[in-house]
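Q: Got a minute to go through this one with me? I'd like to talk about confidence, contacts and any odd geometry.

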Amino acid sequence: MSDIGGNRLQFRDPGRAAAMAEMLERLVREIGRDPVSVMHVCGSHEQAIARFGLRAIFPRQLEVIMGPGCPVCVTDMPEVDEAVALAEDGVRIATYGDMLRVPGTARSLADAQAAGARIDVVYSVTQAAQLAANLDEELVFFASGFETTAVATAALLLSGPPANFSILSAHKYIPPVMEIVAEMPQTRVEGFLAAGHAATITGCAIFERFVERHGIPVVVAGFEPLDILAGLAKLLELIRDRRAEVANMYPRCVRREGNLRAQEVLWKVFRPVGGRWRGIAHVPNGNLRLRDEWSHFDARRRFKIDVSRLWEFAPPSLAQSCICGNIMAGIASPSACTLFGKECVPDNPVGACMVSSEGTCRIWHQYGGQLDLRQS
Amino acid sequence: MSASRIAPDAKVMLKHGAGGRAMRELIQQVFVGDAKAPADGGIGLAAMDDGAALRVGDEWLVMTTDSYVVKPPFFPGGDIGRLAVSGTVNDLSMMGATEIAALTCAVIIEEGFPRADLERIKASISAACAEAGTAIVTGDTKVMGRGEIDGIVLNTAGVAFTRRVVPDCGLALGDQIIVTGTIGDHGLAVMALRHSLELEGELCSDVAPLNGLIRRALEAGGEGVVAMKDPTRGGLASTLHEMAGKSRVGIVLKASRIPVSPSVQATGELLGIDPMHAANEGKAVLGVRPDAAASVLAALRSHPLGRQAEIVGSCVAQRPGFVILDTGFGLRLLVEPEGELLPRIC
């Protein structure tokens, strides 16, 4: 790296990070409560926090909770069951690798695959459509992801995919679930850190009504260590001043109105419907399903999916002690789970949060958990 | 051992060969069992070190063996032949035995394997032997039917003599940790090729015999070099865990000191693979007493294969068996890779 005038300008600057950590200390002291709890709703935020060891420099009083920010983790069992039932009926399924091991009521797609079902792991919806183009049988893409990924699915349908291709949508929409978390009676959340990449699509104005209704500030933040620290500093400032506002701390990517073209594509193909998020609750408008005009590409209309036959199995007993729901709601942390790191490990996950690379438990496991290394 | 815990229908999985915890457990449970250490104070199977050390007169005979199954057999920076020689030479060197007496080489070939490729691999074996100052003195060749083996498998074994054995468990508080150059090059070069990522850049395996480099470090550091290991499968993270665990110390690593080439860094970010989890085939990790660290570092840097050597961390009393990473922003634990490294989905 070059040294210009002895004053190196770099994106990942530990010196600036240390200064921001001091600012966070000052802000929590000024707020004067212990703890001060804020929530982020994005697996990528948790990844960055864990990977750079940021929790070690957060003030002791600052509690940064990971909310329902992992689309794979909140995919509900009946949604997985639909894919499993289709696969067991001999329909070829393509999906993202993370979705393979998400537990359904009785089985995961990986279990179905081991028993002979044909499942292709793909890296994008485009790759799935290309695969279908080379097949002379039906291919169902089991689609997961928040609005960011849903835009890609929508764009593909608009581009005219092959006739043997259809979508089983488990896409989710983030803004409504923030309302649910804010209204939970046990919630301690005093502010939200919103995901920068999702806001690139939706724009930050989408949070304005939320802020008005709940009196809780929302700060849109990026994913570099300095982005996150700056986002938290802004959030604490708003909490200190009792200002319920939306602040955009990711202006290099996010605009107030968002990406209008992407929104147009998204809503042309999808409509929001209510549905359960695993472990959280029924989320009004939280699920994205294909509009009627696209029913010919909707696997739910093209096939008769019978999931009821999967339900005669009792859920595995270990799953009863899984607290993924509370972890995703921000009420508990993985260290409070009796299965974490013992029966439940990435190789052999019990709960969905241990499956996905964006799941809280998986991230904590990968980066050694939230251990306080400051005294060591 | 704990065989009673293992399900009767348990199968060996790919993760058991990936160099991480799963592999160590399998070896421990199936092969090591209750193996005893050699009576003469030497190093045997139970130590799970890079090789064995047996007393012969006033010297140690060091021996090791390794099989090589890289896919594809040719990759930027080397091939399976160079790998097979380097891997075994390096295992011997990590025990402190840098004068390689001789190697053996066994080859198992799939029916239909191109003869020209075989000759290319042989030429590469000879060149690597010349670099290491040794030779193949005996060997074996088998051919198997199509589909019964994947292309080609090599096995090499090697013997060397030394007056002082360096184990991988000799770390004590205050010891400095040195890596001999950039990390992750081999793993990411092969992975990028295997997944046909067609990435721009100069991703290139670091595969090389290290006995010349290590000889120089030992001449400079003498008794001050107390532990060595080559960070192959499982990468720097697994190697440091093993060294910390066996030596019962904690290791604090400074991320900013760890040499990583820009193309490895970029590819790692893209694939979601930490270069510290990726394999190296031409690098060593040395544990050195504090007063010997400067001279060992200078000696390493005077060798073409050690130009980018760095002191990357030190041994502490806290958290024995763990590796703590100082990211520059904060601290976290560095964990071992669980199994096979896979590029992330999104």
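What follows is a chat about this predicted model.

Q: What does the predictor say about the complex, in ipTM and pTM?
A: This is a predicted model, and the complex gets an ipTM of 0.70 and a pTM of 0.79.

Q: And what's the average pLDDT of chain B?
A: Chain B averages 90, and 93% of its residues score at least 70. Where pLDDT is low, the predicted coordinates should not be read in detail.

Q: OK, the interface. How many residues of chain A are in contact with chain B?
A: 29 residues of chain A, and on the other side 16 residues of chain B. The area buried between the two chains is about 2100 Å². Carbon and sulfur atoms give 62% of that area.

Q: How many salt bridges are there between chain A and chain B?
A: The count is 2. Arg51(A) and Glu269(B) meet through their side chains in a salt bridge, at 2.9 Å from N to O.

Q: And how many over all chains?
A: The structure holds 52 salt bridges over all chains.

Q: Let's look at some inside a chain. Which residue does Asp168(B) form a salt bridge with?
A: Lys246(B), with the closest N and O atoms 2.8 Å apart. The two are 78 residues apart in sequence: Asp168(B) is in the loop between strand 7 and strand 8 (176–179) of chain B, while Lys246(B) is in helix 6 (residues 235–247) of chain B.

Q: Is Asp168(B) buried or exposed?
A: Asp168(B) counts as buried, because its relative accessibility is 2%. Lys246(B) has 25%, so Lys246(B) counts as partly exposed. Shared partners join both residues into one salt-bridge network, with Arg24(B), Asp50(B), Lys229(B), Glu242(B) and Glu336(B) in it as well.

Q: Which residue meets Asp150(B) in a salt bridge?
A: Lys71(B), at 3.6 Å from N to O. That pair also links distant parts of chain B, 79 residues apart. Asp150(B) sits in the loop between strand 6 (136–144) and strand 7 (152–162), and Lys71(B) in the loop between strand 2 and strand 3. Asp150(B) counts as exposed, because its relative accessibility is 54%.

Q: What about Lys71(B) and Pro72(B), what kind of peptide bond joins them?
A: A cis one, with omega about 0°. Pro72(B) is in the loop between strand 2 (59–68) and strand 3 (74–75) of chain B. In chain A, Asp34(A) and Pro35(A) are also joined by a cis peptide bond, with omega about 0°. Pro35(A) is in the loop between helix 1 (14–31) and strand 1 (36–40) of chain A.

Q: Any odd phi values? What's the phi of Arg242(A)?
A: Near 50°, a positive value in a residue other than glycine. Most residues other than glycine have a negative phi, and most peptide bonds are trans. Arg242(A) lies in the loop between helix 10 (225–240) and strand 9 (246–248) of chain A, and is exposed with a relative accessible area of 71%.

Q: And where does Asn285(A) lie?
A: In strand 11 (residues 281–290) of chain A. Asn285(A) has a positive phi of about 60° although it is not a glycine, and is partly exposed at 41% relative accessible area.

Q: Switching to rings. How many aromatic pairs over all chains?
A: The structure holds 6. One of them is Phe146(A) with Trp277(A): the centres are 6.1 Å apart and the planes are at 25°, so the pair is stacked. Phe146(A) is in the loop between strand 5 (139–143) and helix 6 (147–158) of chain A, and Trp277(A) is in strand 10 (residues 270–277), 131 residues apart.

Q: Are those two buried or exposed?
A: Phe146(A) counts as buried at 8% relative accessibility, and Trp277(A) counts as buried at 0%.

Q: What sort of pair do Phe192(A) and Phe210(A) form?
A: An edge-to-face pair, 5.5 Å centre to centre with 75° between the planes. Phe192(A) is in strand 7 (residues 192–195) and Phe210(A) in helix 9 (residues 208–214) of chain A, so the pair ties together parts that are 18 residues apart in sequence. Phe192(A) and Phe210(A) are buried.

Q: Last one: which ring does the charged end of Arg120(B) sit over?
A: The ring of Phe74(B), 3.8 Å from its centre. Arg55(B) lies over the face of Trp60(B), at 4.2 Å from the ring centre.

Note on methods. Residues numbered from 1 in each chain as written. Chains lettered and ligands numbered in written order. Predicted model: local features only at pLDDT ≥ 70, side-chain atom pairs only at ≥ 80, totals over all residues. Heavy atoms only, no water. pLDDT = per-residue confidence, 0-100. Phe/Tyr/Trp six-rings, centres within 6.5 Å; stacked < 30°, edge-to-face > 60°. Helix = DSSP H or I, 4+ residues; strand = E, 2+ residues; numbered from the N terminus. Buried < 20%, exposed > 50% of the residue type's maximum accessible area, 1.4 Å probe, protein only. Lys NZ or Arg CZ within 6 Å of the ring centre and 35° of its normal. Contact = heavy atoms within 4.5 Å. Buried area = accessible area lost by both parts, 1.4 Å probe. Salt bridge = Lys/Arg side-chain N within 4 Å of Asp/Glu carboxyl O.
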